[in-house]
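Me: Could you pick one part of this model and take me through it closely? I'd like to see how the pieces fit together, with every cut-off spelled out as it comes up.

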Amino acid sequence: MVLAEILNNLITIFLILVIIFIMSRGVVIIQPYQQGLQIRLGKYIGRLNPGFRWVIPLITTVEKLDLRTTVMDVPSQEVITKDNSPTNVDAIVYTRVIDPEKAFFEVSNYRMATVALAQTSLRGIIGDMELDEVLYNRELINTKLRDILDRETDQWGVKVERVEIKEVDPVGAVKNAMTEQTAAERERRAAILRAEGDKRSAILRAEGNRQSIILEAEGERQSKILRAEGERLSRILQAQGQAQGLRILSLGSRPLDKKSITVLSLDALRQMADGQATKIIFPFELTSLIKQSARFLGATEEMPEEEGVEAAGALDEAIIGTIPKPEEVERLLKQLAKEVESGETIEELKTGTVGKAP
């Protein structure tokens with residue numbers, strides 16, 4: 001009896017454990033970012049929302065799909081561009097499941113299918129473009145590839161959110177040719193810059209020489225004007241001095257009689273005779289000089305005084321004029337220099353008013 005009771009207890013415990021195990025197989029926990037698909041005996045029953053769920057065990061299976069954005073790496077592949085340049089290209093695709101039923105039932109593995117479609121589509125897009133366009137128009141490639149993938153994966157319940165070309169790597173020979181082309185282009189630009197610099201330098205030098213010549217010519221012109229005006233003023237002053245000297249001599253010689261003139265003439269002859277000249281030129285008639293000398297030495301006839309001596313002695317001395325002082329000459333020269341600097345001298349030279357006191 002005791003053995004039978006123990007055996008019954010063991011069977012009961014075993015059955016309870018089996019029931020607990022079977023019941024635990026029906027417990028399903030769905031994460032907040034997941035969606036569950038309930039399939040019972042080969043028939044789709046419906047979705048299971050996130051949280052604690054229980055399904056009939058052993059005959060029901062639950063497929064969990066991640067609804068978050070998934071990053072898929074498209075492997076690098078060699079692509080021939082439109083200009084026959086082999087290039088290695090890879091990309092990154094960002095996808096998200098928006099319809100779990102289609103993503104599970106319409107395609108066996110939507111990730112693998114999306115990557116394979118991205119590879120073939122990328123090969124077709126790159127094949128219709130030249131290498132330079134591939135290098136400089138990545139945004140265009142991204143947009144085209146995203147549109148193609150989004151249109152094709154829509155029937156799988158997958159949304160392609162973004163596509164990015166990760167790397168475009170031409171093969172060795174093409175890369176070397178591009179390097180040489182870039183170096184040649186940079187040398188061309190450097191040569192253009194050097195030529196432009198030489199051109200600007202030559203222009204600046206020519207402009208500087210032109211300005212220098214203009215300034216030198218202007219300075220020489222003003223210098224000539226100043227020298228000419230100075231010489232003119234000097235000649236005017238010299239002529240004025242000579243004229244005043246002649247007037248003084250004329251005024252002083254009027255009262256002299258013929259005896260005095262004869263003495264001065266004989267003294268001039270004596271000085272001329274003392275010279276080394278072989279020729280002597282007499283500025284007046286020799287016979288008249290001898291006659292005057294004889295009368296001066298012993299003749300009884302007196303020399304008549306010339307008419308008008310007394311009248312000449314009474315001449316007005318105002319005709320001599322005023323001799324300019326050094327201060328007045330210096331002031332006149334400074335005024336002339338200022339007029340030349342201000343550009344007024346040329347007009348005054350034309351009108352003949354230079355050197356006149358205002």
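Reply: Two strands count as paired when DSSP finds at least two bridges between them. Strands and helices themselves are DSSP runs numbered from the N terminus, with at least two residues of E for a strand and at least four of H or I for a helix. This is a predicted model, so local features need pLDDT of at least 70 and side-chain atom pairs need 80 or more, while totals for chains, interfaces and linings use all residues. Residues are numbered from 1 along each chain as its sequence is written, and side-chain values use heavy atoms, with hydrogens and water left out.

Let's take the strands, then the two helices that go with the second sheet. For the overall picture, the chain has 11 helices and eight strands. Of its 358 residues, 23% count as buried, where buried means under 20% relative accessible area, exposed means over 50% and partly exposed is in between (1.4 Å probe, protein chains only). Contact here means heavy atoms within 4.5 Å. Looking at contacts between residues at least 6 apart in sequence, 67% of them join residues at least 24 apart.

Now the strands. β1, residues 27-30, pairs with β4, residues 51-54, in the antiparallel sense through four bridges. Val-28 of β1 sits opposite Arg-53 in β4. The side chains of β1 alternate: Val-28 and Ile-30 point to one face and are buried, whereas Val-27 and Ile-29 point to the other and are not.

After β4 comes a loop that leads to β5, and Leu-58 belongs to that loop. Leu-58 is worth a glance, since its phi is positive, about 70°, although Leu-58 is not a glycine. Leu-58 is exposed too, at 65% relative accessible area.

β5 takes us to an open sheet of three strands, ordered β3-β2-β5 and paired antiparallel. The edges belong to β3 (43-48) and β5 (60-66); each has a single partner strand, so one side of each has no neighbour in the sheet. From one strand to the next, the twist averages 25°. (Angles run from 0 to 180 degrees between N-to-C directions, and axes are lines fitted to C-alpha atoms, for helices over the stretch in contact.) β2, residues 34-40, is joined to β5 by seven bridges, and the two run antiparallel. One such match puts Gln-35 with Leu-65 as its bridge partner in β5.

Gln-38 is also in β2, and Gln-38 counts as buried at 10% relative accessibility. Setting aside neighbours within four places in sequence, Gln-38 has contacts that include Lys-43, Tyr-44, Ile-45, Gly-46 and Leu-48, as well as Val-55, Thr-60 and Thr-61.

Further along, another open sheet of three strands has the order β6-β7-β8, again with antiparallel pairing. Here β6 and β8 (158-170) are the edge strands, each pairing on one side only. Ignoring direction, neighbouring strands of this sheet are turned by 20° against each other on average. β7 and β8 run antiparallel and are joined by 11 bridges, and Thr-95 has Val-160 as its bridge partner in β8.

Between β6 (70-80) and β7 (86-97) there is a loop, and Asn-84 is found in it. Asn-84 is another residue other than glycine with a positive phi, near 60°, and at 63% relative accessibility Asn-84 counts as exposed.

Now bring in the helices. α3 lies across β6, β7 and β8, running at about 35° to β6. α5 lies across β7 and β8, running at about 140° to β8.

These helices also pack on each other: α3 (residues 110-127) and α5 (residues 138-153) are set at an angle of about 140°, with axes 10 Å apart. From α3, the residues that meet α5 are Thr-114, Leu-117, Ala-118, Ser-121, Leu-122, Ile-125 and Ile-126, and they meet Ile-141, Lys-144, Leu-145, Ile-148, Leu-149, Glu-152 and Thr-153 in α5.

Two residues help you place the helices. Glu-152, in α5, is partly exposed at 31% relative accessibility; the C-alpha atoms of Glu-152 and Thr-114 are separated by 8.9 Å, with their positions 38 residues apart along the chain. Gly-124, in α3, is partly exposed as well, at 35% relative accessible area. Gly-124 and Thr-81 are 43 residues apart in sequence, but 9.3 Å apart in space, C-alpha to C-alpha.
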